[in-house]
Amino acid sequence: MSNILVIAEHANGAVKKTAFELLTVARALAAQSGGEVHAAAFGPGGGGAAAELAAYGAQRVFMAEAGLDPYASLSWTRAIAAAAGESKPAIILFSAGSLARDIAGRVATRLDGALASDCVAIASSGGKIELTRPVYAGRARVSAGFAGGAVLVATLRPNAFSIDKPAAPGTGAVSALNVAAVPEDLRAVVVEVAKAQSTRPDLTEAAIVVSGGRSLGSAEKFKLIYDLADALGAAPGASRAAVDAGYAPYSMQVGQTGKTVNPALYIACGISGAIQHLAGMRTSKYIVAINKDANAPIFKMADYGIVGDLFEVLPALTDEFRRVLKS
Amino acid sequence: MKIAVCLKLVPATTAEIRVAADGASLALAGVETIISPYDEYALEAALKLREANPGSTIQAITAGNDDALKCLQHAFSVGADSGLHIKSASLDARAAAKAVAAALATDKPDLVLCGRQAIDDDQWLFPGALAEALDFAHVTAVSALAQSADKSGFQCRRRIEGGELVIDAKLPAVITCDKGLNEPRAPTLKGRLDAKKKQPVVKTPADLGVSDADLAPALDVTKYAPPPQKTPGKIISSPAKEAAAELVRLLRDEAKVV
């Protein structure tokens, strides 16, 4: 069977953008392999996601709610394995976020298959799957094939694949899976979800990121970054140097030892462009650099750059974006 | 508590990663190597747990060629009780998990600690695969770890998109470690000297009953490439206000990204 099973993340039925990326990729793979696109929408409210998942091409939608909230790695692994038993996929797709990082490897092992994490390209050709993924913190890319009889679990880098809605929706036939909680599945279980106190988008999910470096000089001066980010509806980020200096929290750190982001637009303010920082943002579609040092390495990677004083340029940019985006 | 810590030798974060002439491999001979940094948090977590639970033992495990012994030397120098080198020319994460599971199968530890990801393959595969093979619970990317009152498990914190999870985990478990969990200690001079007297156990995968078929790479590598290079773009040198207006115009009209 050459079906593709998409693990579609949602918040109480509100489908996440990454699921649409996965479904678009799944449709392309299914067209090449002659299989169907299936989706699994697990956890509370999954039924509410079915129509949207069908709109993006799912022929079948697997649901399961009971026993999957609160989250437990083992109960979700079992539910996905159960969906795979019904779907019989050649490929299972996750978005390369915290769910995949937790259980994609376990799922692949349970199904005696292979795992390819954080793919930036994937295609099916002559019964063989070809994929490309970054390694060594993005310092190289490896391309590999998979032709095995078992399943390939592939996790896809968010924002690395475009979203495309088909002219006609998929059938979206809903199957409710019976995966009632088993006591040994609760050996590790979430007991509390502490949401960040912020209306700003998450760094790894944002379409636009505005990052500040140590040149900002203080936590107070990081307000210039937050103001620009808010004018753009962006997520604020920071370099390691800024975090180590105490100007921004570790949760904002972008780079080899922080987060990897892949937004459509990355604005680096007062960041010189050390290799370790680039590792976390170099795949951004557009990179803007603002730095008073014309020789800063970041300008070699930037699509657009302003050589100037942060403390003049950032407020001017914030004002200009506010003016232009108001209308 | 019987603790196993898995350590992987990887190229240093500052090492140049060059594609070999054949385009199908990387030229890594002679490159500086380190213990994968997230594995260091795992080793430190083991040491702290042994301090808090006297009588506990720490077994450090590594897989790879003889270069990997560097990991065990370091583990000995900070006080690991024993070391296991699974000697093999090269093992991908899936094969390494099979080999380590085979090594631990007959005398399972209570707790396995690993780094959240190996910074060479960035697969996030080994810990979950090992937990599945051992039928252990697992918790991923823990940034805070507290033993439960009855010592039967842990309360773990994990950073995720938009917040943090608190997870209760029962032993036996595989727990993977994230930055911020602790500050790995440096070996003392005495530790380094003591390490020279310690010998690791060396086993091949065959010794552990792992077949060549089990060790075959999961993915068939066809080529390596450097990351896509960007060509330098437009630099604006006007005064702040004009530069800002020009940049906004370019982002809206040319890049169409705002």
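This short talk goes through chain A as a whole, then one hairpin, one loop residue and one strand of chain B.

A word first on where the coordinates come from: this is a predicted model.

Let me start with chain A. Nine helices and 18 strands make up its list of elements. Its radius of gyration is 21 Å, close to the 20 Å from the globule rule for 327 residues, so chain A is as compact as a globular protein of that length. Along the principal axes, its C-alpha atoms fill a box of roughly 60 × 45 × 40 Å. Of the 327 residues, 61% are buried. If we take contacts between residues at least 6 apart in sequence, 64% of them join residues at least 24 apart.

Now the surface. Chain A exposes about 12200 Å², and carbon and sulfur atoms supply 52% of that area. The chain has 30 positive and 27 negative charges, and the mean positions of the two sets are 4 Å apart.

Next, the hairpin. Strand β8 of chain A covers residues 121–125, and its side chains alternate. Ile122(A) and Ser124(A) point to one face and are buried. Ala121(A), Ala123(A) and Ser125(A) point to the other face and are not buried. The partner is β9(A), residues 128–135, which pairs with β8(A) in the antiparallel sense over five bridges. Within that pairing, Ser124(A) stands opposite Ile129(A). Two residues lie between the strands, and Gly126(A) in the turn has a positive phi of about 55°.

On to a single residue. Where is Gln256(A) placed? Gln256(A) is in the loop between α6 (240–244) and β16 (265–269) of chain A. Is Gln256(A) buried or exposed? Its relative accessibility is 18%, and the limit for buried is under 20%, so Gln256(A) counts as buried. Tyr136(A) is 120 residues away along the chain, yet the two C-alpha atoms are separated by 9.5 Å. Leaving aside neighbours within four places in sequence, the contacts of Gln256(A) include Ala137(A), Arg139(A) and Gln276(A), and also Thr13(B) and Tyr38(B) in chain B.

That takes us to chain B. Strand β1(B), residues 2–6, is mostly covered, with four of its five residues buried. This strand runs parallel to β6(B), residues 57–64, and five bridges join them. Ala4(B) has Gln59(B) as its bridge partner there. β1(B) also runs parallel to β8(B), residues 111–115, with three bridges. In that pairing, Val5(B) is matched with Leu113(B).

That is the end of the talk.

Methods:
Residues numbered from 1 in each chain as written. Chains lettered and ligands numbered in written order. Predicted model: local features only at pLDDT ≥ 70, side-chain atom pairs only at ≥ 80, totals over all residues. Heavy atoms only, no water. Rg over C-alpha atoms; globule rule 2.2 N^0.38 Å. Buried < 20%, exposed > 50% of the residue type's maximum accessible area, 1.4 Å probe, protein only. Contact = heavy atoms within 4.5 Å. Areas by Shrake-Rupley, 256 points an atom, 1.4 Å probe, with all protein chains shown as cover. Lys, Arg positive; Asp, Glu negative; His and termini not counted. Charge placed at Lys NZ, Arg CZ, Asp CG, Glu CD. Pairing = 2+ DSSP bridges.
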